[in-house]
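Hi everyone, thanks for coming. Please take a look at the model on the screen, and I'll walk you through a sheet and a pocket.

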Amino acid sequence: MGEWFDLADGDDPAMVSDAFLLLWQELRRRWPDAVIMGSPSQTGRDLWTRTIPQRGKYADGYPVLSEELRGLLHATAGQGRNELITPPHVPGQLPQLVEYDRTFAYAKHTWKSPVGTPRRITSRTFASWTTQEQTNALYGCGHWHVRVTVPDGWNHVGILPAPAPGERAWHYPSAPGSTFTTWAGGPEIHTALNNPIQPWKIEIIDGILWEADKPLADWAKKLKDTWTNLSAQAHYQGDERQARAAHLASRAVRAILLYGIGSFAQRPRMVTGSTPRTLERDIPPDAEIIGFDDELITWQRATGFARDPNAHPEWAATIWSGARAALLSQYHRDDDAYAGALHTPAGTVVAFRTDALYLTEPQNWPHHHQPGDYLLRGHLTGPLAAPTTEEELLTLRDTGRAALTSAGQET
């Protein structure tokens, strides 16, 4: 149930059953043949297949990328940003810890997705374009290999992800004058060039650029409508148990979209094997050793990708890039206002966790219960020792959420 819901004390099996029933009823309003499957990712993918066009260019499905391109995206397109910023980059004693969570965040970034076979864009080709053509390309659906230089005098958080040395992870360099090479999506490149503090230097080395279409738009709209209706039931339902069931069902819709998008990425298949230490030379040359004892060496290696007609890592990569960029800067057109980490004073950002931002002071950011809006989830007054581990951060997060709830301030 942990994949589907954020369960709390008091959420008994009957409550979960009611939540699943509400979820199924609301999904059936948008998909008359909807089925709740064994996991949110399976359910998300199944619902999406029911939105593939019956006519037109993509009636037979959307083209799947070559194994080479899928492998490139697997290696160079990270997921959500998870970063803990520790002293001296934040005060050792925090005046307070404020958590903002982007509501139903990934649904905000599904309106446009890459389709078809991409074009390779060399540095020479990119340099030959007009400024408007370059801007259009970065606003389009692309994945770019870039050389990045952090500007002198920069004193805020990093903007672009870079491979962490020696690790299968990403970090976000921010030291003034530092240079690194990485891959990033258009939304993040655009943020680096047009952020509210000062532009970064970006040199395009290479890239791939797709046509843009809306393969996820109908699927995401139906899920957003389902989420909106269930959220309204949770807010206005007079019966406390039914209100809680509706809230859990709305969280399940979030899980369907979140894990459904992740399932499009489809990682390469992994094979694990063991070889006697006396036959060490027989270990496949491309294998990674993951364990050993006196007798056996255990290894793991990728064996390529499954023949999945619905594998689209380019869709997941585009959404992840847009979500990471929105954690830094997001424009609210109706309010003519900006939100995000780069719109806070330097030294006030404590952590990023996928859709959430942790700060040392509250912000007056717009929130209209729309996907992508920053929701105040926790507020803990200090002074507090700045967290130095993920475990310490999560402990403070839970305490801050409980404090906000007990104060009756959560919206």
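Let's begin with some vocabulary: helices (H or I, at least four residues) and strands (E, at least two) are DSSP runs, numbered from the N terminus. Two strands pair if DSSP finds at least two bridges between them.

What you see is a predicted model, where local features need pLDDT of at least 70, side-chain atom pairs count only at pLDDT 80 or more, and totals for chains, interfaces and linings use all residues. Residues are numbered from 1 along each chain as its sequence is written, and side-chain values use heavy atoms, leaving out hydrogens and water.

Now the sheet. In which order do the five strands of the open sheet lie? The order is β1-β14-β15-β2-β16, with antiparallel pairing. At the edges sit β1 (82–84) and β16 (374–385), each pairing on one side only. From one strand to the next, the twist averages 20° (axes are lines fitted to C-alpha atoms, for helices over the stretch in contact, and angles run from 0 to 180 degrees between N-to-C directions).

Two helices pack on this sheet, and contact here means heavy atoms within 4.5 Å. Helix α9 (residues 313–328) touches β2 (93–102), β14, β15 (356–359) and β16, and its direction makes about 140° with that of β2. Helix α10 (residues 390–406) touches β1, β2, β14, β15 and β16, at about 110° to the direction of β16.

Let's zoom in on β14, residues 349–353, which pairs with β1 over three antiparallel bridges. Asparagine 82 has arginine 353 as its bridge partner, and leucine 84 has alanine 351. Towards β15 there are four bridges, again antiparallel, and phenylalanine 352 stands opposite leucine 357. β14 and β15 form a hairpin with two residues between them, and threonine 354 in that turn has a positive phi of about 60°. Why is β14 largely enclosed by the rest of the structure? Because four of its five residues are buried (under 20% relative accessible area, with a 1.4 Å probe and protein chains only).

Finally, helix α9 comes back at the second largest pocket, where α9 gives the largest share of the lining, five residues. By class, that lining has ten nonpolar residues (Ala, Val, Leu, Ile, Met, Phe, Trp, Tyr, Cys and Pro), three charged (Asp, Glu, Lys and Arg) and 15 polar (the others, Gly among them). A pocket is an open set of points on a 1 Å grid over the protein atoms alone, where a 1.4 Å probe fits, with protein on both sides within 12 Å along at least five of seven lines; lining residues have an atom within 4 Å of a point.

Methods. Buried means under 20% relative accessible area, exposed over 50%, partly exposed in between (1.4 Å probe, protein chains only).
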